[in-house]
Every structure is written in C-alpha cells, then in structure tokens.
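Thanks, everyone; I would like to take a few minutes to walk through one model, going from the sheet to the chain as a whole and ending with the cysteines. Please have the sequence and the structure open while I talk.

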Amino acid sequence: MKSNAVIENILDRRSVRAFTEEPVSREDLEAVVTCGQWAPSAMNRQEWCFVVVDDAGKIARLAETMRVVLGRDAYDMYRPAAIVLVGHVKGASFGREDDGCAMQAMMLAAHSLGLGSVWINQLQGICDEPAVRTELDALGLPGDHEVHGICALGHAAAPGKAHERTSQVVWAN
C-alpha cells in the first residue's frame, strides 16, 4: 500500500478515552476548528455551527446533565480538556453527514498536533430535553440547532487502542 504523511496520520489516529488535565492551547483549538470548517459539506453549504468549550466547569455541567438525561452512572465524557460541539439546524438536509465530515477532519487535525480525541455522540436525540437545551443555550448553540457530535480533545493520559479492521471491501471488476 502506498503511504504518505496524511495516510500515516489517518492510520495512526486512535480514539482516546483518558485525558490529562493539561489545557489545550488556543492556537491548537483554532487549528482544529478551522480544519472542521474546511471539511466537505453538501453543495458547499457550510452550515455548521462549532461551539468551542475549554472551561472544565462548563464541560462537567454538560456531561452531568447528559448523564442524568441518559440515565447513566458516572458519565463524564472522559473528562476532556476541551470539546467542540458540531451542530446544524434541526432537520437540515445532509446535516448529519456534514457534521460527520467535520468531526473526522477535526480528529485528524488533533492527532496531527499531538492531541487525543474521541467522538462523543450522546447528544443525538436529546438536544431538546429541557435540561440539555438549557446547557446548550448557555454554551451559545443556537436554539434551532441539534448536535450530531462532540469532539472531545486533550492530551492523552493513555494511548488509544487499535482494533482489528472487520469491515468488508468489495472490488467490483
């Protein structure tokens, strides 16, 4: 297989589920979000809303609210140093797909900068629960938006684990 720096970054990235308390620099956060903004979008609409949160207290409040609404024990989004909420107007055509492209771009950018990341998808379907909406409003997400992914970011406290690839590849010749 051919290789280059981009391919190596893609193949080497892992989901990180343990972060240190070291903050993520503003410069790194700006680079990560900019890469999300440059991701492909349907018909080049670029309809995302990125909400960057690097305040531990705000992240903990959102995680606690999600924990209660989801009925989970000790849910904390892995205690990241920062998160980026990726949102779209509710029901937007291709919003979920566009958000997925932005999430992937941000996670690859984070990895290239030496940061760990993990996709948090638990806000899907609960954005309009009153307690969750209150937290999202406080963070600045427009009220008509839903979140399809949270990019949790930080310095890895433990490396991510590689898993065997089990997807199928079919060559139509």
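Before I name any pair of residues, one definition: two strands are said to pair if DSSP finds at least two bridges between them. Please also keep in mind that this is a predicted model.

With that in place, take strand E2, residues 82–89, and strand E4, residues 145–154, which pair in the antiparallel sense over eight bridges. Within that pairing, Val-84 has Cys-151 of E4 as its bridge partner, and I will come back to that cysteine at the end.

Stepping back from this pair, the sheet is an open one of four strands in the order E1-E2-E4-E3, with antiparallel pairing. Strand E1, at 49–53, and strand E3, at 116–120, stand at the edges, and because each has a single partner strand, one side of each is left without a neighbour in the sheet. Neighbouring strands are turned against each other by 20° on average, if direction is ignored. Helix H3, residues 56–70, lies across E1, E2, E3 and E4, and runs at about 60° to E2.

As for the chain as a whole, its secondary structure comes to five helices and four strands, and along the sequence these follow the pattern α-α-β-α-β-α-β-α-β. How does the radius of gyration compare with that of a compact globule? For 173 residues such a globule would have a value near 16 Å, and the chain has 16 Å, so the two agree. Along the principal axes, the C-alpha atoms fill a box of roughly 50 × 40 × 30 Å.

Of the contacts with a separation of 6 or more, 79% are between residues 24 or more positions apart. Buried residues make up 40% of the 173 in the chain, while the exposed area is about 10000 Å², with carbon and sulfur atoms supplying 51% of it.

That leaves the cysteines, and here the structure holds zero disulfides. Why is there no bond from Cys-151? Its closest cysteine sulfur, in Cys-35, is 11 Å away, which is too far for a bond, and at 0% relative accessibility Cys-151 counts as buried. Cys-127 can be described along similar lines: its sulfur is 12 Å from the closest cysteine sulfur, in Cys-49, and that is again too far for a bond, whereas its relative accessibility of 4% means that Cys-127 counts as buried.

Notes:
Residues are numbered from 1 along each chain as its sequence is written. This is a predicted model: local features need pLDDT of at least 70, side-chain atom pairs count only at pLDDT 80 or more; totals for chains, interfaces and linings use all residues. Side-chain values use heavy atoms; hydrogens and water are left out. Helices (H or I, at least four residues) and strands (E, at least two) are DSSP runs, numbered from the N terminus. Axes are lines fitted to C-alpha atoms, for helices over the stretch in contact, and angles run from 0 to 180 degrees between N-to-C directions. Contact means heavy atoms within 4.5 Å. The radius of gyration is taken over C-alpha atoms; the globule rule is 2.2 Å times the number of residues to the power 0.38. Buried means under 20% relative accessible area, exposed over 50%, partly exposed in between (1.4 Å probe, protein chains only). Accessible areas come from the Shrake-Rupley method with a 1.4 Å probe; for residues, only the protein chains shown count as cover. A disulfide is a pair of cysteine sulfur atoms within 2.5 Å.
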